[in-house]
Amino acid sequence: MDNLPSRKTVLRAALAAGVAVPAAIVAVPALARTTTGTPPLTPACDDGDDPTPPQMEGPYFKPNSPRRNSLVQPGTAGTPLKVTGYVFGLKCLPLSNVLLDFWQADNNGAYDNVGYRFRGHQFTDAQGAFSLTTIVPGLYPGRTRHIHVKVQAPNRPVLTTQLYFPGEPRNNTDALFDPRLLMTVRNVGGGREAAFDFVLNVPQNPPTTTPPPGSGTWAAGTAYTAGARVTYSGLGYVCLQTHTAQQGWEPPSAPSLWRAE
Ligand SMILES: [Fe+2]
């Protein structure tokens, strides 16, 4: 293990920086493309960014959870916890509109198997980000502290896994515990903030052929402003970030730049 930040980590920092984000994502591969004869693929996630490993579902998953980013209700007992992160594909590009369905134990280590307390689903935004407001789950016999989640990109298989907390004594004795699923956690005020980025087994290869002329209004070399609308291969897209279009960053390949309508 070295101390170099992984590409995912760098991307995460760039994404967290806010407005400049999509430009930062585009800048590196775009430069690589313009300085070589043949457009190369975006560098592979070969620096530790393997797909997030799966874990068993366990006995307490329930379908049809409410869509909500916060599982905290008035009077909820427990240590406040906010989990944030991004969902990436195999080329370390963020994935938008990814379904995340979380479920966890309450402060006493109990699951709500009648209703939907501490259960909720959400979708990543255009930058591939998610945010969950909850509490630190309580412990229950046989397990270390964990949060369950199912993650699914559109039209892709479901990843079922669990997230863990560093520094938990039971991490050493729980046979399911996997250090690759450790969140980064810090104390903030009376609560905690945690971060975790998922990498899904989703190919993100740029198109290998130039789209035929007339396949849409999108065109490389055109300067698009946020809000601009184009068509590409029969679909409509809205520009999310002002940029100059380049080959390899066609709307279907650039979810940070274009949102399908
Ligand atoms: Fe559990």
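This briefing describes the strands, sheets and cores of one predicted protein model, and how confident the predictor is in its parts. Because this is a predicted model, local features are given where pLDDT is at least 70 and side-chain atom pairs count only at pLDDT 80 or more, while totals for chains, interfaces and linings use all residues. Residues are numbered from 1 along each chain as its sequence is written. The protein has 2 helices and 14 strands, where helices (H or I, at least four residues) and strands (E, at least two) are DSSP runs numbered from the N terminus.

**Confidence and overall make-up**

- The mean pLDDT of the protein, where pLDDT is the predictor's confidence in each residue from 0 to 100, is 84, and 78% of the residues reach 70 or more.
- Over residues 1-5 the pLDDT is below 50, and this stretch has 1 contact in the model beyond near neighbours in sequence; two residues are in contact if their C-beta atoms, placed from the backbone, lie within 7 Å.
- Residues 18-48 also have pLDDT under 50, and for them the model has 41 contacts beyond four places in sequence.
- Among contacts between residues at least 6 apart in sequence, 66% join residues at least 24 apart.
- Of the 261 residues of the protein, 32% count as buried; a residue is buried if 20 or more other C-beta atoms lie within 10 Å of its own, exposed if 12 or fewer, and partly exposed in between, with C-beta atoms placed from the backbone.

**The sheet of four strands**

- An open sheet of 4 strands follows the order β3-β2-β5-β6 with antiparallel pairing, and two strands are said to pair if DSSP finds at least two bridges between them.
- Strands β3 (119-123) and β6 (159-164) stand at the edges with a single partner strand each, so one side of each is left without a neighbour in the sheet.
- On average, neighbouring strands of this sheet are turned by 25 degrees against each other, direction ignored; the axes are lines fitted to C-alpha atoms, for helices over the stretch in contact, and angles run from 0 to 180 degrees between N-to-C directions.
- Strand β2 (residues 99-103) pairs with strand β5 (residues 146-152) in the antiparallel sense over 5 bridges; Asp101 stands opposite Lys150 in β5, and the bridge partner of Trp103 in β5 is His148.
- Strand β5 also pairs with β6, again in the antiparallel sense, over 6 bridges, and Lys150 has Thr160 as its bridge partner in β6.
- The hairpin of β5 and β6 has 6 residues between the strands, and in this hairpin Asn155 takes a positive phi near 60 degrees.
- Strand β5 is mostly covered, with 5 of its 7 residues buried.

**The nonpolar cores**

- The largest nonpolar core, meaning a set of buried Ala, Val, Leu, Ile, Met, Phe, Trp, Tyr and Cys residues joined through C-beta atoms within 7 Å, has 35 residues, and those with the most contacts inside it are Val87, Phe88, Leu95, Val151, Leu163, Met183 and Leu200.
- Strands β1 (80-88), β2, β4 (129-135), β5, β6 and β9 (198-199) each supply at least two residues of this core, and its largest share, 5 residues, comes from β1.
- Leaving aside residues up to four places away in sequence, Met183 touches Val83, Leu163, Tyr164, Phe165, Ala194, Ala195 and Phe196.
- A second, separate core of 11 residues includes Tyr237, Cys239, Trp249 and Trp258.

**The sheet of three strands**

- Another open sheet is formed by 3 strands in the order β11-β12-β14, and the pairing is antiparallel.
- Strands β11 (229-232) and β14 (258-260) stand at the edges, each with a single partner strand, so one side of each is left without a neighbour in the sheet.
- Neighbouring strands of this sheet are turned by 35 degrees against each other on average, direction ignored.
- Strand β11 is joined by 4 bridges to strand β12 (residues 235-239), and the two run antiparallel; Arg229 stands opposite Val238 in β12, while Val230 stands opposite Tyr237.
- In the hairpin of β11 and β12, which has 2 residues between the strands, Ser233 takes a positive phi near 50 degrees.

**An exposed residue**

- Ala223 lies in strand β10 (residues 223-224) and counts as exposed because 9 other C-beta atoms lie within 10 Å.
- Ala223 and Gln246 are 23 residues apart in sequence and 9.6 Å apart in space, C-alpha to C-alpha.
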